[in-house]
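Let's explore this fold together, one question at a time. Have the sequence and the 3D view ready as you read.

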Amino acid sequence: QVQLVESGGGLVQPGGSLTLSCTASGLTFTNYHMNWYRQAPGKERELVASITNTGGSRNYADSVKGRFTMSRDNSKNTVYLQMNTLKPEDTAVYYCYAENRLSSRLKYWGQGTQVTVSS
């Protein structure tokens with residue numbers, strides 16, 4: 001059974017930092033590209049950052065470029081999202097999403113972790 005477990009969310013003041021983690025089990029982690037999505041209240045889920053299965057390529061939404069950094073540790077089956085200079089508009093539930101590099105049918109979501117940026 002595949003599981004993606006996010007952690008690291010919480011309440012932070014504007015300008016602060018948080019690091020989210022997502023640990024995967026039940027799959028061959030090195031076969032999966034990984035993504036972070038977020039969904040704010042009343043808004044659609046949006047892609048925040050992506051990293052290829054080897055970690056060789058990363059992409060970011062324009063709204064987080066220069067502030068967020070995504071990385072992965074394949075020895076720990078874990079991806080991270082380092083978030084700096086947080087803004088109130090970054091408030092959302094953040095989800096981890098795994099997609100198999102060979103089969104588009106194999107894709108999985110985590111349960112999400114809440115990030116709230118407020119003074």
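Q: How many bridges join β1 to strand β3?
A: In this predicted model, β1 and β3 (residues 18-25) run antiparallel. One pair to look for is Gln3 with its bridge partner Ser25 in β3. The number of bridges joining the two strands is 5.

Q: Which strands are the edge strands of the open sheet formed by 4 strands?
A: The sheet has the order β1-β3-β8-β7, with antiparallel pairing. An edge strand pairs on one side only. That description fits β1 (3-7) and β7 (68-73).

Q: Why is β9 largely enclosed by the rest of the structure?
A: Here a residue counts as buried when its relative accessible area is under 20%. β9 is largely enclosed because, of its 9 residues, the number buried is 7.

Q: Which residue of β10 stands opposite Tyr97?
A: β9 and β10 (residues 107-109) pair in the antiparallel sense over 3 bridges. They form a hairpin, with 6 residues between them. Opposite Tyr97 in β10 you will find Trp109.

Q: What is the bridge partner of Met34 in β9?
A: Strand β4 (residues 32-39) runs antiparallel to β9, and 8 bridges join them. Within β9, the partner of Met34 is Ala98.

Q: Which residue has its backbone nitrogen 2.9 Å from a polar atom of the Thr91 side chain?
A: Start in the loop between β8 (78-83) and β9 (92-100), where Thr91 lies. A polar atom of the Thr91 side chain is 2.9 Å from the backbone oxygen of Pro88. For the backbone nitrogen at 2.9 Å, the residue is Val117.

Conventions
Residues are numbered from 1 along each chain as its sequence is written. This is a predicted model: local features need pLDDT of at least 70, side-chain atom pairs count only at pLDDT 80 or more; totals for chains, interfaces and linings use all residues. Side-chain values use heavy atoms; hydrogens and water are left out. A polar contact is a pair of N or O atoms within 3.5 Å; within protein, one must be able to donate a hydrogen and the other to accept it, and residues adjacent in sequence count only if both atoms are side-chain atoms. Two strands pair if DSSP finds at least two bridges between them. Buried means under 20% relative accessible area, exposed over 50%, partly exposed in between (1.4 Å probe, protein chains only).
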